[in-house]
Amino acid sequence: MCEDTWKVEGQVFNNLIKYYVFDVDGVLCDRGKIIDPEFQRWFVDWMQDKNISIVTGNTKDKTILKIGREIIEHTGLCFFCLGNTIYINGNELLINQFTLKEEEKQFINDYIKQSTFEYKTGNHIDIRTGSVNVSLPGQDSLEFHRDLYVKHDLITNERINFIHKLRDNFDRLDAGIGGDVSVDIFLKGCGKEQILNLFANGHVIYFGDRDGEFGIDNKILQKCQILPFQGFTISNSYHQLKEILLQL
């Protein structure tokens, strides 16, 4: 389990403080899109007197492109690459790094080759710190290709089938659906749920959009129901998020 890493770092946040923790895609912005400018301005104002964290499967640079530098700079605790890259007040920690084995690489490449999706633009595998993102249309695909893949995946359940097979074939790996067109692969226990170890018994309110057995937010949302935390599943992106935040 990856939580041993947290004990080594010795960082535990004040359990008397309320922490708001946000996923990015599908929560702070629509999946595959950049943040809405009007909502961005509202959120920056709202977060000024609060303890805010974000957790995303993406890298820091790509997250800045999606939600802007101002939100990142006003966030004391940022989790990237599913919590395997952490920034605490601007200081970076890298944990749970791993390298794909040859048989794991072959499995992923076979998955890409065997896909019946018509449009493959290349650059399908993005190696990140502690995670690997696999996109069938390709990392640089156009919105047109992404929209087509969403329809393709709904019909074929391609990503769910991939996760099933990966879990069956590789004991050390797990995976989840995050965005609309990709799968995030990581070491077991090293998904988003691992970040809750850092807050000890603090009061965490988590907002994610991908629940269900294969969703990348499923385990952290489940853990928030067991621990003295709160978890909200967002189905209508930032529109629903804003309504919830105004009521809390």
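This is a chat about the sheets, cysteines, rings and one aspartate of a predicted model.

Colleague: Where do we start, and what kind of model is this?
Modeller: With the sheets. The model is a predicted one.

Colleague: Fine. How many strands form the open sheet that has E1 in it, and in what order?
Modeller: Seven, in the order E5-E4-E3-E2-E1-E10-E11. The pairing in this open sheet is mixed.

Colleague: Which strands are at the edges?
Modeller: Strand E5, residues 91-94, and strand E11, residues 230-233. Each of them pairs on one side only.

Colleague: And how far are neighbouring strands turned against each other?
Modeller: By 15° on average in this sheet, with direction ignored.

Colleague: Take E2 and E3. Parallel or antiparallel?
Modeller: Strand E2 (residues 51-55) and strand E3 (residues 77-80) pair in the parallel sense, over three bridges. As an example, Ser 53 has Leu 77 in E3 as its bridge partner.

Colleague: What holds paired strands together in general?
Modeller: Backbone hydrogen bonds, whether the strands are parallel or antiparallel.

Colleague: Which helix lies across E10 and E11?
Modeller: Helix H8, residues 218-226. The helix runs at about 140° to E11.

Colleague: What is in the loop between E10 and H8?
Modeller: Asp 217 is found there.

Colleague: Is Asp 217 buried or exposed?
Modeller: Buried, since its relative accessible area is 0%.

Colleague: Which side chains have a polar contact with the side chain of Asp 217?
Modeller: That of Lys 192 is one, at 2.9 Å. The side chain of Tyr 206 is another, at 2.5 Å.

Colleague: What else is Asp 217 in contact with?
Modeller: Leaving aside neighbours within four places in sequence, its contacts include Asp 23, Gly 208, Asp 209 and Arg 210. Lys 192 and Tyr 206 are in that list too.

Colleague: Back to sheets. What is the order of the one with four strands?
Modeller: E6-E7-E9-E8, an open sheet with antiparallel pairing. Its edge strands are E6 (125-128) and E8 (173-177), each pairing on one side only. Neighbouring strands there are turned by 20° against each other on average, direction ignored.

Colleague: How many bridges join E7 to E9?
Modeller: Five, between residues 131-135 of E7 and residues 182-187 of E9. Asn 133 has Asp 184 as its bridge partner in E9.

Colleague: New topic. How many disulfides does the structure hold?
Modeller: Zero. Cys 29 is in no disulfide, and the nearest cysteine sulfur, that of Cys 78, is 14 Å away. Cys 81 is in no disulfide either; its nearest cysteine sulfur is also that of Cys 78, 12 Å away. A pair would need its sulfur atoms within 2.5 Å to count.

Colleague: Are those two buried or exposed?
Modeller: Cys 29 is buried, with a relative accessible area of 0%. Cys 81 is buried as well, at 2%.

Colleague: How many aromatic pairs are there?
Modeller: There are 19. One of them is Phe 117 with Tyr 149, an edge-to-face pair with 5.1 Å centre to centre and 90° between the planes.

Colleague: Which parts does that pair tie together?
Modeller: Phe 117 lies in the loop between helix H5 (102-114) and E6, and Tyr 149 lies in helix H6 (residues 143-156), so the pair ties together parts that are 32 residues apart in sequence. Both residues are buried.

Colleague: Which rings are linked into a cluster?
Modeller: Among them are Tyr 20, Phe 22, Trp 42, Phe 207 and Tyr 238, linked by ring pairs.

Notes
Residues are numbered from 1 along each chain as its sequence is written. This is a predicted model: local features need pLDDT of at least 70, side-chain atom pairs count only at pLDDT 80 or more; totals for chains, interfaces and linings use all residues. Side-chain values use heavy atoms; hydrogens and water are left out. Two strands pair if DSSP finds at least two bridges between them. Helices (H or I, at least four residues) and strands (E, at least two) are DSSP runs, numbered from the N terminus. Axes are lines fitted to C-alpha atoms, for helices over the stretch in contact, and angles run from 0 to 180 degrees between N-to-C directions. Contact means heavy atoms within 4.5 Å. Buried means under 20% relative accessible area, exposed over 50%, partly exposed in between (1.4 Å probe, protein chains only). A polar contact is a pair of N or O atoms within 3.5 Å; within protein, one must be able to donate a hydrogen and the other to accept it, and residues adjacent in sequence count only if both atoms are side-chain atoms. Rings of Phe, Tyr and Trp (its six-membered ring) pair if their centres lie within 6.5 Å; planes under 30 degrees apart count as stacked, over 60 as edge-to-face and the rest as tilted.
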